[in-house]
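Pull up the sequence and the coordinates side by side, and let's take a walk through them. We'll start with a working cut-off and then go from a single side chain out to the sheets and the ligand.

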Amino acid sequence: MPIDVAAVVIGNRPLSSDYHVLALAAPAIAAAAAPGQFVMVKAGAGYDPLLRRPFSVFEILRDAAGAPAGLTILSKRIGVSTALLYDKAQGQRVHCLGPLGRPFTVVDPPTEAWMVAGGVGLAPFATLAQALHARGVKSTLFYGARRGAELFYLDFFRALDVELVLTTEDGSAGELGRVVAPLDRRLASRAPTAAVMLYACGPEGMLAATARTAVKYGRPCQVSVERIMGCGLGGCYSCVIPMRDEHGSVHHVRSCIAGPVLPADRIVWDQ
Ligand SMILES: Cc1cc2nc3c(=O)[nH]c(=O)nc-3n(C[C@H](O)[C@H](O)[C@H](O)COP(=O)(O)OP(=O)(O)OC[C@H]3O[C@@H](n4cnc5c(N)ncnc54)[C@H](O)[C@@H]3O)c2cc1C
Ligand code: FES
């Protein structure tokens with residue numbers, strides 16, 4: 001069952017003029033959250049904005065004894081709610097409902113995990129990388145951003161033995177271009193017998209390109225989709241996404257409850 005708390009802001013760290021990490025005291029949600037799940041956050045106290053907004057659980061915070069004490073979200077300022085969150089001060093309260101949605105399926109060795117992140121799509125991969133590391137899975141993060149200054153938490157992933165493959169749109173760090181290019185090359189050079197699970201989160205165009213690349217090389221791929229969500233609970237149908245069932249028929253599913261993590265090869269990307 002999701003838990004709704006008026007969580008105290010215990011930290012708000014700007015990473016750039018748009019990105020920040022907001023830390024919330026929400027131990028019950030933190031204790032129940034699995035990698036890939038999200039929370040619905042109400043950014044303001046009044047009616048504007050009226051609706052909560054969805055955010056991936058970025059990190060689980062622990063107290064000195066190792067017990068879950070809270071969680072963070074990695075947020076990018078793009079509109080009314082994210083602007084309010086960017087300005088939150090320590091001690092303020094933020095309504096937070098979760099954990100919600102279906103998490104990633106975490107693989108075991110010898111399968112390797114290749115995570116593909118675009119921009120703020122990095123968010124679900126911090127907890128996933130920790131879960132993979134705990135199981136001893138060899139992991140790689142393909143991470144693309146607009147510029148080098150927007151590639152965050154690299155040392156966090158390095159400390160978990162995650163190999164980093166970085167790209168930027170302006171060439172200021174890593175390879176110039178989009179993140180799917182090095183992914184395609186790596187998959188092309190990979191023996192088909194060596195098992196790899198792809199995990200992707202980012203803008204939908206990047207997810208569709210990753211899904212096509214996965215199909216091209218016959219690799220399974222779990223994507224975390226970011227449709228606009230009004231409720232996060234299955235009640236409003238704002239978040240539907242077309243998917244093909246096993247018979248080839250197309251149905252719209254509510255990505256907040258069927259997802260946000262979905263099998264990439266079932267999604268109809270061009271509708
Ligand atoms: C499951 C899930 C997890 C998410 N995790 C994160 C996260 O970890 N960090 C993060 O920064 N963001 C995340 N998002 C996206 C985040 O929910 C939106 O950025 C947020 O709702 C924008 O709210 P706003 O009030 O600031 O923008 P608004 O003022 O509501 O909108 C500003 C503009 O952005 C557009 N927009 C709003 N939401 C989306 C969206 N989901 N996709 C594309 N365009 C959108 C609107 O159409 C509008 O043009 C996630 C979304 C989903 C569905
Ligand atoms: S967000 Fe309301 S049904 Fe999915």
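First, a bit of vocabulary: a residue is called buried here when its relative accessible area is under 20%, exposed when that is over 50%, and partly exposed in between. Bear in mind too that this is a predicted model.

Now try the cut-off on Q37, which sits in the loop between α1 (27-32) and β3 (38-42). Is Q37 buried or exposed? Its relative accessibility is 9%, so Q37 counts as buried. What does the side chain of Q37 find there? One of its polar atoms lies 2.8 Å from the backbone nitrogen of A34, and the side chain also reaches the backbone oxygen of G101, again at 2.8 Å. If you skip the neighbours within four places in sequence, the contacts of Q37 are A32, S56, V57, P99, L100, G101 and P103.

G101 is a handy stepping stone, since G259 touches it as well: leaving out neighbours within four places in sequence, G259 is in contact with G101, R102 and R254. You'll find G259 in the loop between β15 (250-254) and β16. With a relative accessible area of 0%, G259 is buried. For a sense of the fold around this loop, G259 and C239 are 20 residues apart in sequence, while their C-alpha atoms are 9.9 Å apart in space.

Next, go back towards the start of the chain. Strand β1 (residues 3-14) runs into β2 through a hairpin of four residues, and the two strands pair in the antiparallel sense over six bridges. To check the register, look at V8, whose bridge partner in β2 is A25. Strand β2 (residues 19-25) also pairs with β6 (residues 68-76), antiparallel once more and over six bridges; here L24 has L71 as its bridge partner. How many of the seven residues of β2 are buried? Six of them are, which leaves the strand mostly covered.

Further along there's an open sheet of seven strands, in the order β11-β10-β9-β8-β12-β13-β16, with mixed pairing. Its edge strands are β11 (175-176) and β16 (261-263), each pairing on one side only. Inside that order, β8 (residues 112-118) and β12 (residues 196-201) run parallel and are joined by six bridges, with W114 bridging to L198 in β12.

Helices pack onto these strands. Helix α3 (residues 125-134) lies across β8, β9 (139-145) and β12, at about 170° to β8. Helix α5 (residues 180-188) has V180, P182, L183, D184 and L187 buried, and these residues pack against β8, β9, β10 (163-168), β11, β12 and α6 (204-216).

Finally, the ligand. Which residues are closest to ligand 1? It is surrounded by 20 residues, and the closest are P54, L74, K76, S81 and T82. Several backbone polar atoms (N or O) come into play as well: one of L74 lies 2.7 Å from a nitrogen atom of ligand 1, one of V80 lies 3.1 Å from an oxygen atom of ligand 1, and one of E226 lies 3.1 Å from a nitrogen atom of ligand 1. Taken alone, ligand 1 exposes 890 Å², and the protein buries 74% of that.

Note on methods. Residues numbered from 1 in each chain as written. Chains lettered and ligands numbered in written order. Predicted model: local features only at pLDDT ≥ 70, side-chain atom pairs only at ≥ 80, totals over all residues. Heavy atoms only, no water. Pairing = 2+ DSSP bridges. Contact = heavy atoms within 4.5 Å. Axes fitted to C-alpha atoms, helices over the stretch in contact; angles between N-to-C directions. Buried < 20%, exposed > 50% of the residue type's maximum accessible area, 1.4 Å probe, protein only. Near = heavy atom within 4 Å. Polar contact = N/O pair within 3.5 Å; in protein donor to acceptor, adjacent residues only side chain to side chain. Areas by Shrake-Rupley, 256 points an atom, 1.4 Å probe, with all protein chains shown as cover.
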